[in-house]
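This note is addressed to a colleague who wishes to read the coordinates alongside a written commentary. Please keep the sequence and the structure open while going through the points.

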Amino acid sequence: MNFKKYLKVYKKFLHTSLASELEYKTNILIDLITAILSLIGSIFLLSIFFQNNTSIGGWGFEQSLIIQGIYTVLNGITNTWFNPNLTEIVKHIREGTLDFVLLKPIDSQFFISLKKIAPSGFLEIILGFCLLIYCIKINQINLNLTFFTLCLITIICSICILYSIWFFISTTTIWFIKTWNATEVLRSFLYIGRFPLNSFSFSLRVFFSVFIPIAFITTIPSEVFLGISQLWKILLEVIVALVFLLTSRKFWLFALKFYSSASS
Amino acid sequence: MVQNIIDVRNLSKSFDISSKEQGLKGTIKHFFRRQTKSLKVIKDISFEIKEGEIVGFLGANGAGKTTILKMLCGLIYPSEGSILVSGYLPFRRKENFLKNITLIMGQKQQLIWDLPPIESFYLNASIYDLDKFEAKKRIKKLSEMLEIDEELFIPVRKLSLGQRMKSELLAALIHEPNILFLDEPTLGLDINAQRNLRKFLQKYNKETNATICLTSHYMKDITSLCKRVICVHDGTISYDGKLDLLLKKLSPVKEILIVCRSVEDAIKLENSGFTVKNKIKNEITIIVENNSTTSSLKTILNNFDIEDLYINEPPIDEIIGKILIKKDYGI
């Protein structure tokens, strides 16, 4: 793979999608306000849960804020990259414009996953990191190289898992043509990631760890943040992320063989 | 000797199609127990196309023209048979193959809707690994050929259909492909825009010796661009050869409108043994075989007092219309 070329193309993607988004100033403003209100609303909801309880599933309010911070960062990434691109896959397949993507001398998964960005999602990422910095302060977390490395690894793994599940669902459009609902269901499940895994019953914990690994996405990075995660959990997250990423890639290449293109 | 750039052997393609009965009952049945059947849309076709040729694919809606084009450019996997395009198996979509071809669809667009076309051109240039200088040079050359200038800097959503199509062409040709697949490129364009597009394609073919495979329902596109046509009927090739030969075969006669000096002359001509289509006062229309046009004209001019005459070819649309519904032309 020619990395220099891919970097050059990605720069162009950034440039064109930023320019497209900036054509609609009001829309960006509304998105920014929505991001701020959404974070305030989530913290308010969390504080209601903790009004009569000092802990939920063994997690105190200050600790749960870490999960909220990580969720906000991931949601920001979702809104910046996944939402504008992966929802477009359904459109590409339904309308047959995937033809143009497949006929370009560039990896089709790279093209359809990264072509667009929604700049308003950046604010959520920044707000999420601000919340995490605040959490570091109130939870008196010791900062060192191991802490940063493990946080980075687990957050990257979470992004990979989230991306893979979404991409996998979008790929099924090649057979099912319309899968808007499936991605909506995934987004709903993602909201569950705002709460510690231990706050759910055993059966739900199994479901959200094995079938739809939402638990890995926020809980493990949060545990790493608090220094309470066990090594096997981190390793498991890395393995799950790699398996999901590779499977989604293989699945995409397999699905393309069944692409019949839309009629003209 | 000119080499074959496209070689298709015994190509077939089947699709699984689901059908639904009418009404609510049919809808419920369709939801729970979808009936699908395999439909063979392309049936064992073979043909070759030489480098630099412009070939028109003719056929009714649903005959299989677009499916053939999509298999040629590697979008659809063939069910049976083999395809070689520029020495490559298209469906493998190798980088060097993709750099050699382009697909332009009149009803679909690749330009970024909210931005001026120039942004899409540079994005495509980076995908095809062209440096900025080379991209600028090619954009300048193609925009001159397409006669577009200011439009390059106006958001696509504000361009007319004709301007948009020209920009689509530029975006699709920036990498200077030598095989062009065009699926109804003039769809929805006005007469002038259609003519300009055809002029451009002729010029592009002449200058670059690019091979062009074209489908269109506008007969003028076919007649002015393609010497050779491949007629597709129900997934099979019903004719592959020169367009003029096909037209002659399907329409072996000409109509001659003769304006006589007097009504008496017209009556005399009517009774002279020619096949008369109609007669109004001193104007008479006769039908003659293509191969006897010259001798018939000689006879008329020598024996009758003629004021004026017009030779009419039957309307091309009428002839092509026959092609769309006919399976065998006896050629």
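The numbered points below treat the basis of the model, each chain, the cores, the contact between the chains and some individual residues.

1. Basis of the note. This is a predicted model, in which local features need pLDDT of at least 70 and side-chain atom pairs count only at pLDDT 80 or more, while totals for chains, interfaces and linings use all residues. Residues are numbered from 1 along each chain as its sequence is written, and chains are lettered from A and ligands numbered from 1 in the order in which they are written.

2. Confidence in chain A. The mean pLDDT of chain A (the predictor's confidence in each residue, from 0 to 100) is 83, and 92% of the residues score at least 70. Among the elements of chain A, helix H5 (residues 108-114) has the highest mean, 94, and helix H9 (residues 180-192) the lowest, 69. Where pLDDT is low, the predicted coordinates should not be read in detail.

3. Architecture of chain A. Chain A contains 12 helices and two strands; both kinds of element are DSSP runs numbered from the N terminus, helices being H or I with at least four residues and strands E with at least two. Along the sequence the order is α-α-β-β-α-α-α-α-α-α-α-α-α-α. The radius of gyration of chain A is 19 Å, close to the 18 Å that the globule rule gives for 264 residues, so chain A is as compact as a globular protein of that length. That radius is taken over C-alpha atoms, and the rule is 2.2 Å times the number of residues to the power 0.38. The C-alpha trace of chain A spans about 60 × 40 × 35 Å along its principal axes.

4. Burial and contacts in chain A. Of the 264 residues of chain A, 38% count as buried. A residue is buried if 20 or more other C-beta atoms lie within 10 Å of its own, exposed if 12 or fewer, and partly exposed in between, with C-beta atoms placed from the backbone. Two residues are in contact if their C-beta atoms, placed from the backbone, lie within 7 Å. Of the contacts in chain A between residues at least 6 apart in sequence, 79% join residues at least 24 apart.

5. Helix H2 of chain A. Does the end-to-end distance of this helix deserve a remark? It does, because the 25 residues of helix H2 (residues 25-49) of chain A should span 36 Å at 1.5 Å a residue, and its end C-alpha atoms are 37 Å apart, which agrees. The expected span is 1.5 Å times one less than the number of residues. Helix H2 of chain A is hardly covered, with two buried residues among its 25.

6. Architecture of chain B. Chain B has 12 helices and 13 strands. Its radius of gyration is 25 Å, whereas a compact globule of 331 residues would have one near 20 Å. The C-alpha trace of chain B spans about 75 × 55 × 50 Å along its principal axes. Buried residues make up 36% of the 331 in chain B. Among contacts in chain B between residues at least 6 apart in sequence, 72% join residues at least 24 apart.

7. Nonpolar cores. A nonpolar core is a set of buried Ala, Val, Leu, Ile, Met, Phe, Trp, Tyr and Cys residues joined through C-beta atoms within 7 Å. The largest has 73 residues, of which B:Leu72, B:Leu170, B:Phe181 and B:Cys213 touch the most other members. Helix H6 (residues 161-173) of chain B gives the most to this core, with six residues. Not counting residues up to four places away in sequence, B:Leu170 touches B:Pro117, B:Phe121, B:Ile139, B:Leu142, B:Ser143 and B:Leu146. A second, separate core of 50 residues includes A:Leu86, A:Leu123, A:Ile220 and A:Val224.

8. Contact between the chains. Chain B contributes 28 residues to the contact and chain A 21 residues. On the side of chain B that touches chain A, the elements giving two or more residues are helix H2 (65-72), helix H3 (95-98), strand E5 (101-105) and helix H4 (117-127) of chain B. Helix H4 of chain B gives the most to that side, with five residues. By class, the side of chain B that touches chain A has 14 nonpolar, four polar and 10 charged residues. Here Ala, Val, Leu, Ile, Met, Phe, Trp, Tyr, Cys and Pro count as nonpolar, Asp, Glu, Lys and Arg as charged, and the others, Gly among them, as polar.

9. Positive phi in chain B. Most residues other than glycine have a negative phi. B:Asp44, in strand E2 (residues 35-50) of chain B, has a positive phi near 50 degrees. B:Asp44 is partly exposed, with 14 other C-beta atoms within 10 Å. The phi of B:Asp234 is also positive and near 50 degrees; B:Asp234 lies in the loop between strand E8 (228-233) and strand E9 (236-242) of chain B. With 15 C-beta neighbours inside 10 Å, B:Asp234 counts as partly exposed.

10. B:Lys43. B:Lys43 is placed in strand E2 of chain B. B:Lys43 is partly exposed, having 16 other C-beta atoms within 10 Å. Not counting residues up to four places away in sequence, B:Lys43 touches B:Ser12, B:Gly235 and B:Thr236. B:Lys43 and B:Gly64, 21 residues apart in sequence, are 9.5 Å apart in space, C-alpha to C-alpha.
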